[in-house]
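I set out to record how the chains of this model meet and how their sheets and helices are arranged. The entries below follow the order in which I looked things up.

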Number of protein chains: 2
Amino acid sequence: MNSDLDKPIKIGICGFGTVGGGTLALLQSNGDEISRRLGRNIQVSRIASRSIKISDFDESGIQVATDPFELISDSEVDIVIETLGGFDPAFEVVRQALLNGKHVVTANKALIAERGNELFSVAQDNGVTLSYESSVAGGIPIIKALREGLAANKINWLAGIINGTGNFILTEMADKQRQFDDVLQQAQELGYAEADPTFDVEGIDAAHKLTIMASIAFGIPLQFDKTYTEGISHIKPEDINYAAELGYRIKHLGIARLSDKGVEMRVHPTLISRKQLLANVDGVGNAVMVHGNAVGSTLYSGPGAGAAATASAVVADIIDIARAMEQGITTPIVPALGYRTIHQDLKVVDIEDIESEYYLRIPAKDVVGVMAKISNILQECGISIEAVIQKEVSSDSVPIVILTHRAVEKQMNSAISAIEQLQDIVGTITRIRVETLTENSEA
Amino acid sequence: MNSDLDKPIKIGICGFGTVGGGTLALLQSNGDEISRRLGRNIQVSRIASRSIKISDFDESGIQVATDPFELISDSEVDIVIETLGGFDPAFEVVRQALLNGKHVVTANKALIAERGNELFSVAQDNGVTLSYESSVAGGIPIIKALREGLAANKINWLAGIINGTGNFILTEMADKQRQFDDVLQQAQELGYAEADPTFDVEGIDAAHKLTIMASIAFGIPLQFDKTYTEGISHIKPEDINYAAELGYRIKHLGIARLSDKGVEMRVHPTLISRKQLLANVDGVGNAVMVHGNAVGSTLYSGPGAGAAATASAVVADIIDIARAMEQGITTPIVPALGYRTIHQDLKVVDIEDIESEYYLRIPAKDVVGVMAKISNILQECGISIEAVIQKEVSSDSVPIVILTHRAVEKQMNSAISAIEQLQDIVGTITRIRVETLTENSEA
């Protein structure tokens with residue numbers, strides 16, 4: 001037992017934007033209840049930010065300055081909260097804080113996904129904890145579920161709606177038959193999407209989160225550069241409608257799966273059965289479905305962003321660290337990625353080698369025999385057809401919508417190239433992967 | 001750090017039914033992956049059961065006997081798994097094991113809900129951990145989410161589908177327009193329901209689970225005897241249909257809420273909007289929705305029963321304890337109910353004092369003026385009407401279905417008594433509470 005139980009645990013916050021501000025506000029508003037849970041007070045003693053008005057904190061008892069490196073050198077600070085975002089100076093701030101023997105809590109998904117391996121190693125060498133619950137799916141305690149709650153399982157796969165902006169856009173497109181660009185503009189006006197929406201709609205943000213979840217699900221090093229990423233800007237309302245007709249909804253999913261070939265990590269729009277709970281997660285909500293070999297499928301849903309929701313996860317990390325400190329332990333109880341012995345040998349499967357079912361929308365001329373030609377090409381590539389929708393929409397063009405059975409992506413690429421070269425095809429084929437998310441999904 | 005890292009952690013299992021057997025099977029099948037996570041092996045060294053064939057374990061290296069008290073006295077056993085069920089001898093086995101300095105993991109919801117206060121106190125006095133993740137919602141890590149993942153929040157309310165049998169029955173009734181008794185019989189044939197279904201369909205099992213969740217959500221002592229319990233046997237397919245017409249589904253929910261009056265704990269059939277994710281959890285599935293003042297609403301769903309799913313939670317508890325043991329800590333890192341200082345003063349609200357919206361199905365004669373009389377009574381009791389459905393179903397009887405605005409239960413009871421005494425009312429009124437489950441639901 002620690003003899004300093006009456007002494008509050010001291011927090012330093014680096015970066016005072018949405019999440020940093022939300023963390024201070026939450027520690028203050030819920031302070032009494034948190035102390036009851038913890039048996040000890042948590043106190044924000046320092047803030048480092050370039051954008052705050054120092055005089056606002058004159059009577060707060062909080063020491064405010066601009067330099068985060070000064071904060072992390074303060075021997076009074078027990079836990080450093082990094083909410084600077086980005087890599088510079090966030091990486092160096094976290095690294096130095098760990099070297100200084102501070103526990104660090106970060107909400108920075110890019111930092112963990114791209115530089116986490118180095119930082120976790122520094123944390124381990126220095127016997128301190130680097131926590132990152134808030135980096136994935138905001139307020140949903142999904143890191144805890146994967147690293148601890150489901151620790152008895154071999155994880156077969158997980159699939160998540162992990163970008164609220166993208167889910168808002170797809171939901172609006174579906175509900176109101178609106179075009180992507182139109183909804184994106186509204187999302188920007190509402191503050192759901194950044195002025196440069198690339199990170200969200202092209203799946204980079206989701207790929208950061210998926211990379212992190214895949215590492216703790218399968219016990220592999222973080223490998224952001226091997227995560228396949230595809231955005232949603234090419235999805236049309238008609239795809240959403242055809243999907244609905246076939247019993248599906250289109251969601252922008254991050255999918256990680258362990259197959260015979262290795263680990264798949266991919267972010268792309270996906271058709272899933274409308275009967276799945278995951279298909280019914282709408283608007284800015286996030287949700288992650290996880291399939292473990294013992295538990296089966298569990299789903300975790302809630303707000304994936306916002307000051308208070310994200311702060312909820314940041315403060316949960318603080319409480320975990322504080323509960324351990326209370327016992328006099330400083331080294332992490334749970335390994336950073338949930339494993340004492342990482343699988344170094346599990347290789348990441350190239351997107352060309354994955355297997356999936358596919359939705360294809362093929363813009364064809366309304367002439368006799370085109371469907372036969374398409375069928376032949378698919379058959380030559382070893383791909384069998386599950387369902388077809390063919391409807392005349394204008395006098396001379398008729399989109400052919402095909403749902404295929406399971407095929408290897410490489411084969412599908414060949415088939416698409418060959419079909420696009422047919423004379424009667426009048427544009428690019430839209431290809432969307434289909435996931436069954438059923439009990440074992442082949443893994 | 002513990003110097004015995006090469007020594008496996010030894011487990012003794014008391015009771016070898018579904019959960020006990022599932023736990024052994026899981027520790028064996030996933031042993032390699034669990035050791036990778038933990039950095040240490042877990043080994044079942046003893047089993048105590050009256051119903052197993054000892055010779056089956058001859059070559060297993062597991063010592064098998066009938067007496068659980070012998071097992072818990074074995075100085076080689078580190079963690080005792082109690083899957084005996086019931087109170088006798090489970091209570092005494094757990095108590096003695098804790099007194100002997102063993103950590104205990106139990107799947108026994110009745111034991112925790114009804115005798116947990118005593119047992120947690122024994123555990124605390126002896127510096128050991130008593131874990132019970134598997135006692136609520138099977139494989140869903142809801143205890144961990146409440147005690148740790150959402151620890152930064154003041155919990156406003158939670159609402160859960162926490163009995164798979166009941167949810168299966170209601171789902172079948174809704175999907176196939178079948179009567180309760182008919183589906184119950186099928187559930188019994190399928191093994192979803194016990195020969196005596198009272199525990200499941202009358203809500204006692206759900207009340208045990210709700211009692212546990214309410215204690216860790218609000219930091220109050222376990223008070224099973226104060227949990228209001230109402231079953232689903234009086235629900236008719238017509239109620240499900242009227243509810244659907246009004247935009248609702250009927251689920252058997254366990255609800256805990258913090259209001260100005262205190263803590264509400266109640267299990268009863270409930271109308272919830274069909275747009276809620278919770279309304280779409282079907283079949284034997286479980287799900288719990290939790291509203292925290294920072295995070296907002298999060299939902300956790302998955303299998304609430306079954307050998308492997310329940311064992312997933314039992315083994316997660318074992319891993320948590322083992323991870324702490326690895327650090328040389330034996331006292332619980334997280335307090336049993338998630339709080340170092342329990343709220344002893346928060347009173348449980350009597351069901352008569354709760355506020356709710358209500359669905360009423362009133363069997364009335366098809367005569368002029370009956371609706372006016374009903375409206376008058378409701379108005380006199382201060383209850384306003386939100387919607388009415390009135391359809392002729394036979395020549396002389398017409399059920400009147402009313403959805404009310406928020407009212408106090410006591411007032412609703414008076415209104416129902418008065419209405420039932422009207423000459424034109426030809427039977428008992430069916431009353432089902434309605435929950436909005438919206439962001440703040442008044443709490």
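**Entry 1. The strand pair across the chains**

I looked up A:Ser301 and found that its bridge partner in β12(B) is B:Leu299. The model is predicted, and I read each entry with that in mind. I then took the two strands as wholes: β12(A) pairs with β12 of chain B, residues 296-303, in the antiparallel sense, and 3 bridges join them.

**Entry 2. The contact between chains A and B**

I next asked how many residues each chain brings to the contact. Chain A gives 54 residues, and chain B gives 54 residues. On the side of chain A that touches chain B, I noted four elements that each supply at least two residues: α2 (31-38), α6 (142-149), β12 (296-303) and α12 (307-326). Which of the elements gives the most to this side? I found that α12(A) does, with 10 residues. I sorted this side of chain A by class and recorded 27 nonpolar, 18 polar and 9 charged residues.

**Entry 3. Domains of chain A**

I looked up the domain assignment of chain A, which gives domain 1 as 9-139 + 307-326, domain 2 as 143-303 and domain 3 as 354-435. For domain 1 and domain 3 of chain A, I noted that the C-alpha centres lie 51 Å apart.

**Entry 4. The six-stranded sheet of chain A**

I traced an open sheet of 6 strands in chain A, with the order β3-β2-β1-β4-β5-β6 and parallel pairing. Its edge strands are β3 (63-65) and β6 (130-131) of chain A, each of which pairs on one side only. I followed one edge further: β6(A) pairs in the parallel sense with β5 of chain A, residues 103-106, over 2 bridges. In this pair, I recorded A:Leu130 of β6(A) as the bridge partner of A:Val104.

**Entry 5. The six-stranded sheet of chain B**

In chain B I found 6 strands that form an open sheet with parallel pairing, ordered β3-β2-β1-β4-β5-β6. Why is one side of β3 and of β6 in chain B left without a neighbour in the sheet? I noted that β3 (63-65) and β6 (130-131) stand at the edges and each has a single partner strand, so one side of each stays unpaired. Elsewhere in chain B, β1 (residues 9-14) and β2 (residues 42-48) run parallel and are joined by 6 bridges. There, B:Gly12 has B:Arg46 of β2(B) as its bridge partner.

**Entry 6. Helices α4 and α5 of chain B**

I looked up α4 (residues 90-99) and α5 (residues 109-125) of chain B, which pack at an angle of about 20° with their axes 10 Å apart. Angles under 35 degrees count as roughly parallel, so I entered α4(B) as roughly parallel to α5(B). The crossing of α4(B) past α5(B) is right-handed. From α4(B), the contact includes B:Phe91, B:Val94 and B:Leu98; from α5(B), it includes B:Leu111, B:Leu119 and B:Val122. By class, I recorded 9 nonpolar, no polar and 2 charged residues in this contact.

**Entry 7. Helices α6 and α10 of chain B**

Last, I looked up α6 (residues 142-149) and α10 (residues 204-218) of chain B, whose axes come within 9 Å and cross at roughly 15°. That angle makes α6(B) roughly parallel to α10(B). I recorded a left-handed crossing for α6(B) past α10(B). On α6(B), B:Ile142, B:Ile143, B:Leu146 and B:Arg147 make the contact, and on α10(B), B:Met213, B:Ile216 and B:Ala217 do. This contact has 6 nonpolar, no polar and 1 charged residues.

Methods
Residues numbered from 1 in each chain as written. Chains lettered and ligands numbered in written order. Predicted model: local features only at pLDDT ≥ 70, side-chain atom pairs only at ≥ 80, totals over all residues. Contact = placed C-beta atoms within 7 Å. Nonpolar A, V, L, I, M, F, W, Y, C, P; charged D, E, K, R; others polar. Pairing = 2+ DSSP bridges. Axes fitted to C-alpha atoms, helices over the stretch in contact; angles between N-to-C directions. Parallel < 35°, antiparallel > 145°, perpendicular 65-115°, else oblique. Left-handed = near helix turned anticlockwise from the far one by under 90°. Domains from an automatic or database assignment.
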